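This report describes a single protein chain. Please consult the sequence and the structure displayed below while reading.

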Amino acid sequence: MPGPAVPPGGGRHPAGRAGRFPSARLRALAAPVGALAAGAGALGWVGAVDPGVPGRYPVCPLFHTTGLLCPGCGGLRSVHALAHGDPAAAFGTNALVVLAAAAAAVVWGAWTVRALRAAPGLVRAPGPVRAPGPTRAARSAPTGCTARGADSAGSADPADPRAPAARERTGRTGRTGRTGRTGHTGRAVRGRLPWWVAGALVTAFTVVRNLPFGGGLAP
């Protein structure tokens, strides 16, 4: 007499591993929480040790030698004001530090959410099944081969159930061949765009705060 049917996974339901979920989440949150603790410690130190008192922190070498303000001049006083809950004073001392703190908070939140989603052992609903894409040989085939493949797919018997799939695969291969390099370049540009924007913002902030009409950005 056959025994009872064994469910998939060797008789162990994913819910049986629920006890390991908290530890997986804790391991995933180790790096974000560590970064948050380091930032909070630095904020607490600057908040406790007033940078407005001379001699407590080193002076800016650029300002000391040339009299020009670097993008970080007034940054410690801005952090001190943020630690004491005065964002207006922090913005007036160094607006770039306030913007950087807001951007860091957004990046930290996205980092934490991504770490939680990537934690091992979490049960996720199965996603939609996708049809397999073209092979590497098909993607690297010359245009003439793609055209001949399209002609052969177009002349196939319409009653053949494989004909629509062949035509779709051939069209997808042709589009990939034409736009593969363009798509790679676009992804590279989008990945570097935030750094270019940040560099341009820091440069503009540094130049304007050293001009006569940029006194509002000086500490």
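The sections below cover model confidence, overall architecture, helix H4, the cysteines, the chain end and selected surface positions.

## Model and confidence

The structure is a predicted model. Its pLDDT averages 76 over the chain, and 61% of the residues score at least 70. Among the elements of the chain, the highest mean pLDDT, 95, belongs to helix H4 (residues 75-83), and the lowest, 48, to helix H8 (residues 143-154).

Two stretches remain under a pLDDT of 50. One spans residues 9-18, for which the model has three contacts beyond four places in sequence. The other covers residues 149-156, with seven contacts beyond four places in sequence.

## Overall architecture

The chain comprises nine helices and zero strands, and its order along the sequence reads α-α-α-α-α-α-α-α-α. Of its 219 residues, 17% count as buried. The accessible surface amounts to about 15800 Å², and carbon and sulfur atoms contribute 67% of this area.

Among contacts with a separation of 6 or more, 58% link residues 24 or more positions apart.

## Helix H4 and its surroundings

Which residues of H4 are buried? They are Gly75, Ser78, His80 and Ala81. The buried residues of this helix pack against H2, H5 and helix H6 (95-117).

Histidine 80, located in H4, has a relative accessibility of 16% and therefore counts as buried, the cut-off being under 20%. Beyond residues up to four places away in sequence, histidine 80 touches Val46, Gly47, Val49, Asp50 and Pro51. Just after H4, glycine 85 adopts a positive phi of about 70 degrees.

Glycine 44 lies in helix H2 (residues 30-48). With a relative accessibility of 43%, glycine 44 is classed as partly exposed. Its C-alpha atom is 9.6 Å from that of histidine 84, although the two residues are 40 positions apart along the chain.

## Cysteines 70 and 73

How many disulfides does the structure hold? The number is zero. Cysteine 70 is in no disulfide, and the nearest cysteine sulfur, 3.6 Å away, is that of cysteine 73. Cysteine 73 is likewise in no disulfide; its nearest cysteine sulfur is that of cysteine 70, at 3.6 Å. The pair is not assigned as a disulfide because the criterion requires cysteine sulfur atoms within 2.5 Å.

Both cysteines are shielded by the protein chain according to their relative accessible areas. Cysteine 70 is buried at 17%, and cysteine 73 is buried at 9%.

## Helix H9 and the chain end

Threonine 206 belongs to helix H9 (residues 163-209). Is threonine 206 buried or exposed? Its relative accessible area of 18% makes this threonine buried. Its contacts, not counting residues up to four places away in sequence, are with Leu69, Cys70 and Pro71. Cysteine 70, one of these partners, is itself buried.

Proline 219 is placed in the segment after H9. This residue is partly exposed, with a relative accessible area of 41%. Which residues does proline 219 touch, apart from those up to four places away in sequence? The contacts are Leu69, Cys73, Gly74, Arg77, Thr93 and Arg209. Leu69 is thus listed as a contact of both threonine 206 and proline 219.

Proline 219 also illustrates a long separation in sequence. Glycine 75 is 144 residues away along the chain, yet the C-alpha atoms of these two residues are 8.6 Å apart in space. Glycine 75 is among the buried residues of H4.

## A nonpolar surface patch

Phe91, Leu99 and Leu201 form a nonpolar surface patch of about 280 Å². Phenylalanine 91 sits in helix H5 (residues 87-93). Its relative accessibility is 44%, so phenylalanine 91 falls in the partly exposed class, between the 20% and 50% limits. H5 is also one of the elements against which the buried residues of H4 pack.

Definitions and conventions
Residues are numbered from 1 along each chain as its sequence is written. This is a predicted model: local features need pLDDT of at least 70, side-chain atom pairs count only at pLDDT 80 or more; totals for chains, interfaces and linings use all residues. Side-chain values use heavy atoms; hydrogens and water are left out. pLDDT is the predictor's confidence in each residue, from 0 to 100. Helices (H or I, at least four residues) and strands (E, at least two) are DSSP runs, numbered from the N terminus. Contact means heavy atoms within 4.5 Å. Patches are made of residues with over 30% relative accessible area and no salt bridge: like charges are joined within 9 Å, nonpolar side chains (Val, Leu, Ile, Met, Phe, Trp, Tyr) within 5 Å. Accessible areas come from the Shrake-Rupley method with a 1.4 Å probe; for residues, only the protein chains shown count as cover. A salt bridge is a side-chain nitrogen of Lys or Arg within 4 Å of a carboxyl oxygen of Asp or Glu. Buried means under 20% relative accessible area, exposed over 50%, partly exposed in between (1.4 Å probe, protein chains only).
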